[in-house]
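Hi,

Here is the structure I said I would pass on to you. Have a look at it first, and then read on for what turned up in it.

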Amino acid sequence: FLDFDPRDAGEAEHLKHIVQDELPHLPVLVGVAGASLEDVRRIMNLGVVDVLSLPVKQTDLAVALDHATRRKTQQPSQNASSGQVITFIKGGGGVGATTVAVQGGCILASDAKQRSRVCLLDLDVQFGSAGLYLDLASSVGMLDLLDAPERLDRALLSGAMTSHDCGLDVLMSPQQMIALDSVTPEFVTSCIRIARDNYDYVLVEVAPVWNDWMHTALQASDSIILVTQLGIGGIRQSMRQIDTIGSRIGAT
């Protein structure tokens, strides 16, 4: 665990030497006071496991140490597209899709035997509440990525994630209402691809609308879970969703 000043170019070179040359097989954590998202991105690009704000909170340190342990014991494959992408869609409003996605993510992340790396991408940009369900509060999230989609990479995505105590990493939807067309198919493709390369399971919750980028998310999925309720309205909407999925992406 290293204390680091992102404004000192000499420290950046020293950190790079430690991570890549002196301790290439050990996970390195970095503590930074007042780090911006750009600072986190630069530090993560040096190969560290996690960046913590100083003074360090006990819960943040526990989660970071857990991530470091997972990184050391798993030594994940460098092969691309290794993670499973599971997308949750709604068969109507208020059917519990967020609950299922959140609980499923926590169960997968907290399984001590599997020790899987799990993230949840809340792509319901207008009404997403995954962070609320997990009682997470953070100043970073999807909006930081949308401001510079052309620069999206592993470090930037990791810096925009918020970690829950169970080990689940969450990309939270914007707190303020934004237009649906603020998200593009290219952004969704990059976001899912990068997450897939770095996690064993990528859970995606999409908005209850049909547009180009929802279509992109479903096409990138290995599994699609339709959450509904056994009422007349829920069944009708679910059948419409199933028909649309079959006609647009050919899923069964």
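A good place to start is a pocket. Helix α6 gives the most to the lining of the second largest pocket, supplying three residues. Keep in mind as you look around that this is a predicted model.

**The second largest pocket**

How much space lies in this pocket? About 280 Å³. Its lining is made of 20 residues, and the closest to the centre are S138, M172, S173, P174 and Q175. If you want to find the pocket by its helices, go to α5 (130-133) and α6 (142-146), as each of these supplies at least two lining residues. And what is the lining like by class? There are nine nonpolar residues, ten polar ones and one charged one.

While you're at α6, click on L145, which is found in that helix. Is L145 buried or exposed? It counts as buried, because its relative accessibility is 0% and the cut-off for buried is under 20%. Which residues does L145 touch? Leaving aside its neighbours within four places in sequence, L145 is in contact with L152, L156, L157, A160, L171 and F187. You can also try a distance on L145: from its C-alpha to that of G91 is 28 Å in space, and the two residues are 54 apart in sequence.

**The six-stranded sheet**

Next, turn to the strands. There's an open sheet of six of them, with mixed pairing, and the order across it is β6-β7-β5-β8-β4-β9. Strands β6 (162-163) and β9 (223-227) stand at the edges; each has a single partner strand, so one side of each has no neighbour in the sheet.

Let's walk across part of this sheet, pair by pair:

- β7 (residues 169-171) and β5 (residues 118-123) pair in the parallel sense, over three bridges. For an example, look at C119, whose bridge partner in β7 is D169.
- β5 and β8 also pair in the parallel sense, over six bridges. C119 turns up here as well, with V202 as its bridge partner in β8.
- β8 and β4 run parallel and are joined by five bridges. I86 has L203 as its bridge partner in β8, and F88 has E205.
- β4 and β9 run parallel too, and five bridges join them. Here T87 has I224 as its bridge partner in β9.

Why is β4 described as largely enclosed by the rest of the structure? Because six of its seven residues are buried. Strand β8 is also largely enclosed, since five of its six residues are buried.

**Helices on that sheet**

Helix α10 (residues 232-249) lies across β4 and β9, and it runs at about 160° to β9.

Then have a look at α4, the helix that spans residues 97-109 and holds T98. Why does T98 count as buried? Its relative accessible area is 9%, and buried means under 20%. Which residues is T98 in contact with, once its neighbours within four places in sequence are left aside? They are S129, A130, Y133 and E205. You have met E205 already, as the bridge partner of F88 in β8.

**The three-stranded sheet**

There's another open sheet to find, with three strands in the order β1-β2-β3 and parallel pairing. The edge strands here are β1 (2-3) and β3 (50-53), and each of them pairs on one side only. Strand β2 (residues 29-32) runs parallel to β3, and four bridges join the two. To see one of these pairings, pick V30, which has V51 as its bridge partner in β3. Which helix lies across β2 and β3? That is α2 (residues 37-44), running at about 145° to β3.

If you'd like an order for your own tour, try the pocket around S138, M172, S173, P174 and Q175, then the sheet β6-β7-β5-β8-β4-β9, and then the sheet β1-β2-β3.

Have fun with it!

How values were computed. Residues numbered from 1 in each chain as written. Predicted model: local features only at pLDDT ≥ 70, side-chain atom pairs only at ≥ 80, totals over all residues. Heavy atoms only, no water. 1 Å grid on protein atoms, 1.4 Å probe; cavity = no way out; pocket = protein on both sides within 12 Å on 5 of 7 lines; lining within 4 Å. Points joined across faces, edges and corners; volume = space filled by probe spheres on them. Nonpolar A, V, L, I, M, F, W, Y, C, P; charged D, E, K, R; others polar. Buried < 20%, exposed > 50% of the residue type's maximum accessible area, 1.4 Å probe, protein only. Contact = heavy atoms within 4.5 Å. Pairing = 2+ DSSP bridges. Axes fitted to C-alpha atoms, helices over the stretch in contact; angles between N-to-C directions.
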